[in-house]
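Please read the sequence alongside the three-dimensional structure shown below. The paragraphs that follow move from the contacts between chains to the arrangement inside one chain.

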Amino acid sequence: MEKRFGGLKHILRAQDFSRKWIEEVLFPKTDEMEARTLKGDRGQPLFGKEMISLFAGESLRTRASFNIAMKRLGGEITFETEDVRKFSSMAKGESLEDTIITLNEYGADVIVLRYDEEGGAERAAAVSDIPIINAGDGGGQHPTQALLDLYVIQKHLNRIDGISIAMIGDLEKGRTVHSLAYLFGKFDGVKIYFVSPDNLKIKPDIKEYLNRHNVRFFETKDVREVASKVDVFYQTRTQTNLGTKPFDRADEKNGFTVINKQILDLAKKDSIILHPLPCTDEIVRSEVDPDRRAVYIKTKGDRMSQVKGGIYIRMAILWLLLF
Amino acid sequence: MEKRFGGLKHILRAQDFSRKWIEEVLFPKTDEMEARTLKGDRGQPLFGKEMISLFAGESLRTRASFNIAMKRLGGEITFETEDVRKFSSMAKGESLEDTIITLNEYGADVIVLRYDEEGGAERAAAVSDIPIINAGDGGGQHPTQALLDLYVIQKHLNRIDGISIAMIGDLEKGRTVHSLAYLFGKFDGVKIYFVSPDNLKIKPDIKEYLNRHNVRFFETKDVREVASKVDVFYQTRTQTNLGTKPFDRADEKNGFTVINKQILDLAKKDSIILHPLPCTDEIVRSEVDPDRRAVYIKTKGDRMSQVKGGIYIRMAILWLLLF
Amino acid sequence: MEKRFGGLKHILRAQDFSRKWIEEVLFPKTDEMEARTLKGDRGQPLFGKEMISLFAGESLRTRASFNIAMKRLGGEITFETEDVRKFSSMAKGESLEDTIITLNEYGADVIVLRYDEEGGAERAAAVSDIPIINAGDGGGQHPTQALLDLYVIQKHLNRIDGISIAMIGDLEKGRTVHSLAYLFGKFDGVKIYFVSPDNLKIKPDIKEYLNRHNVRFFETKDVREVASKVDVFYQTRTQTNLGTKPFDRADEKNGFTVINKQILDLAKKDSIILHPLPCTDEIVRSEVDPDRRAVYIKTKGDRMSQVKGGIYIRMAILWLLLF
């Protein structure tokens, strides 16, 4: 596995992946997973392999896509909890570390961990011989989401180098934005427009990383200012579950961070609109869903949706890790 | 599948089934499932098939029987949640529709949905290419329960046409009563006695349906009045989880809607007592359980229990849908 | 199965096992499970077998090890709930008995039940033809934990007869202590030191049992008094979830019931420290974990950890019960 993941034992942070591995190993395998799915291939390459799924914090896409990917490839989920904080002995005060060490004693081929505090996946990895996949750690990272985002961008724009992207919303706590920004550091000439209210700006450590990796970025509060310039809109929700207060996206005093008809009118014809979902009020769905550029969920025709990219990427990751 | 289900894509409402399909397709397949189970057949006709199980609202029988049926036939449950409201992104404000669309993108052969609001299954079906099975939607319907109820009646009485049935309890909110009443509209000469306190009477839309389908029905508050006339007692619980206040079933000012020794003494020798369960105080279990006519749970001898009918019906439904 | 379990139909209480069965059937099978695991054997002896897992009350080790054991041996978990109180119809007032009878109607080969009230497993067994495994019942028993504890003691000390053991902590509510104490009644010359604050002493019924079976026991409040005499330290946590108030383990007015460097210095070189886990503050982990005698979780070298013994014992139990 170590070779297949370019020396990585665990999947913790987006910046750990190499561009070479992403382009030459992961994306081709992901294409293969799409082809396999479209063919209805029922082979079981992961027969006998064991996954453990531990989630603290609600999840639909991440949990469902890892579970479905694992089982569709013939693997087994030997232990699973919908809330490791509530249903495991963590409710009695057990540490995350003891939880992970225990599961290591029992054995498995991979542990998928969603945790509700930044650094959870790294703490788990520090005591685990079993590969840990960080499925989101509080306001930290969500590396497999970033990989799928990148894959969907590549599919639609046929390149990553040189693209312009607006990353919009709660940039302080949105972990998918953090992970994706780190990945752009691996590519050339990406230009990022961070669009958020003043109190939800991107964190300094990410800016420093981008500076170090020669990624140009700009900050604004109004998506209308940049709408005509970007190839990708990456909208994100307000992380109310991590403590951000809801705010009016179209109220000028907060800036303007909603995507609606007005933005579509300004946007390039061949741009795409992404959103890691779930979506509440930050996209006016009735106006935007019918547009061909909206690819965050079900698409018109057979364009790949971001959601669909998610299952192919996770199938590919599990295959590379376990086969 | 469409042919097998008489043109139905989803299983949403009891009234959508045709009598012909019930009698000529479903019931024979259900008999086959019983025979297969008694033989201990371990074949895996549904190998490679994928079910998703989404429940909002507590369930034992419906969830367990669908899960067990699917796995016993060799199918896989690729994603499952015990509380889609709490553990999926619906907890972050995601709509039911986006949840279902997402799972469609991932793919599955069937989605079993218990929802806590009337109309949930229809909303899901409106955006789903994957067949949705309504496993209960708030105070709405529970069509597979109605099918199993009908199957068990047929097994014990050897007919549906012309039977007399008392449907007792919280008729306003009890969705199993609604679904079963709709099914009776497909048969001839069924006579229904609705027995409930004044404030929990059956809804007008169901009465209109029955009138349109020439099903005779009568309303009363006292099960003693009808006990000697009916072939089937269909007792139901007070839907406290949907807002009905608990009340004394034997307190005359509410009518009389408990089943006890007194009712057994009045009842026909070959009548049967059904209850979709769970049961709290609406059957005096110590008096009624030992009676041969009580078939809602474990029965004396090898009479088919209503509970057991539940797993055979769900095996049959999954087989017809997926094989 | 009855023969394999020495006449037992259900696994409810530690005192029901015979020494002969433990030594001649269970332990050799457990060794075989270890060997099988170390070899990476992927055979599926339990293919087609069905387990139901019902938990009320948080669990990591018990639930995970039964689930992993079952699936690793090729069996299936056909229905599972993380909180039978909350997600099944028990939330609507259904009794434990009706829940178990219902699942009997559906069928399974074994039901693993964690319940939050003493006697839960016995109530379940009273209405179940399917074997019930008591996976802990409130302040009652936890027989499979006791078996694994005994197995790990045997592995490290190469004997059970004649050992001295300190059982430390919340002896009133700690069900693992109860079950293990009952098992010692099957062996010769075991000496038990019960170490607890005055208000958390072992219950009279267990003392009577030990007297009847000629097991010598002593009670004290200070583990330092007995540390140099024992072969096994069996530390347990304060059962705050069952109502015990947290207390300072090293505050002299409560006695002294913590395990730390001071205890290690007093302890025999070849003694072992056990703990059924989870562990909060009753072991000073930074001081004790690095010690070779600490075998409750990950061990130095290839000594068997107590945690690891848990999965081998449960594999053996399921094999003996179902194969």
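Which side chain of chain A meets that of B:E76 in a salt bridge? In this predicted model, the partner is A:K71, with N and O lying 3.8 Å apart. Across the interface of chain A and chain B there are seven salt bridges, and the rule also finds 16 residue pairs in polar contact there. On the side of chain A that touches chain B, the elements giving two or more residues are α2 and α11 of chain A, and α2(A) gives the most, with eight residues. The residues of that side divide into 10 nonpolar, seven polar and 13 charged.

The extent of this interface can be described both by residues and by area. In terms of residues, 30 of chain A are in contact with 31 of chain B. In terms of area, about 2,800 Å² is buried between chain A and chain B, with carbon and sulfur atoms giving 53% of it. Of the area that chain A buries against chain B, 22% is supplied by A:E58, A:L60 and A:E82, which is more than any other three residues supply.

How the copies are arranged can be taken from another pair of chains. A turn of 120°, with a shift of 0.0 Å along the axis, lays chain B on chain C with an RMSD of 0.0 Å, and the two copies are thus related as by a three-fold rotation axis. In chain B, the C-alpha nearest this axis belongs to B:E82, at 4.8 Å from it. Only 11% of the interface residues of chain B are also interface residues in chain C, so the copies meet through different surfaces.

Within one chain there is a further interface to consider. Chain A is divided into domain 1, covering 14-141 + 307-322, and domain 2, covering 143-302, and the C-alpha centres of these two domains lie 25 Å apart. Here 33 residues of domain 1 are in contact with 30 residues of domain 2, and the two domains bury about 2,500 Å² between them, 60% of it on carbon and sulfur atoms. The domains of chain A have five salt bridges between them, and A:E34 forms a salt bridge with A:K155 in which the closest N and O atoms are 3.5 Å apart. Among the elements that give two or more residues to the side of domain 1 that touches domain 2 are α1 (19-39), β3 (110-115) and α11 (306-322) of chain A, and α1(A) gives the most to that side, with nine residues. The residues of this side of domain 1 divide into 12 nonpolar, 10 polar and 11 charged.

Conventions: Residues are numbered from 1 along each chain as its sequence is written. Chains are lettered from A and ligands numbered from 1 in the order in which they are written. This is a predicted model: local features need pLDDT of at least 70, side-chain atom pairs count only at pLDDT 80 or more; totals for chains, interfaces and linings use all residues. Side-chain values use heavy atoms; hydrogens and water are left out. Domain bounds come from an automatic or database domain assignment. Contact means heavy atoms within 4.5 Å. Buried area is the accessible area (1.4 Å probe) that two parts lose on being put together, summed over both. A salt bridge is a side-chain nitrogen of Lys or Arg within 4 Å of a carboxyl oxygen of Asp or Glu. Helices (H or I, at least four residues) and strands (E, at least two) are DSSP runs, numbered from the N terminus. Ala, Val, Leu, Ile, Met, Phe, Trp, Tyr, Cys and Pro count as nonpolar, Asp, Glu, Lys and Arg as charged, and the others, Gly among them, as polar. Copies are superposed by least squares on the C-alpha atoms of residues with pLDDT of at least 70 in both. A polar contact is a pair of N or O atoms within 3.5 Å; within protein, one must be able to donate a hydrogen and the other to accept it, and residues adjacent in sequence count only if both atoms are side-chain atoms.
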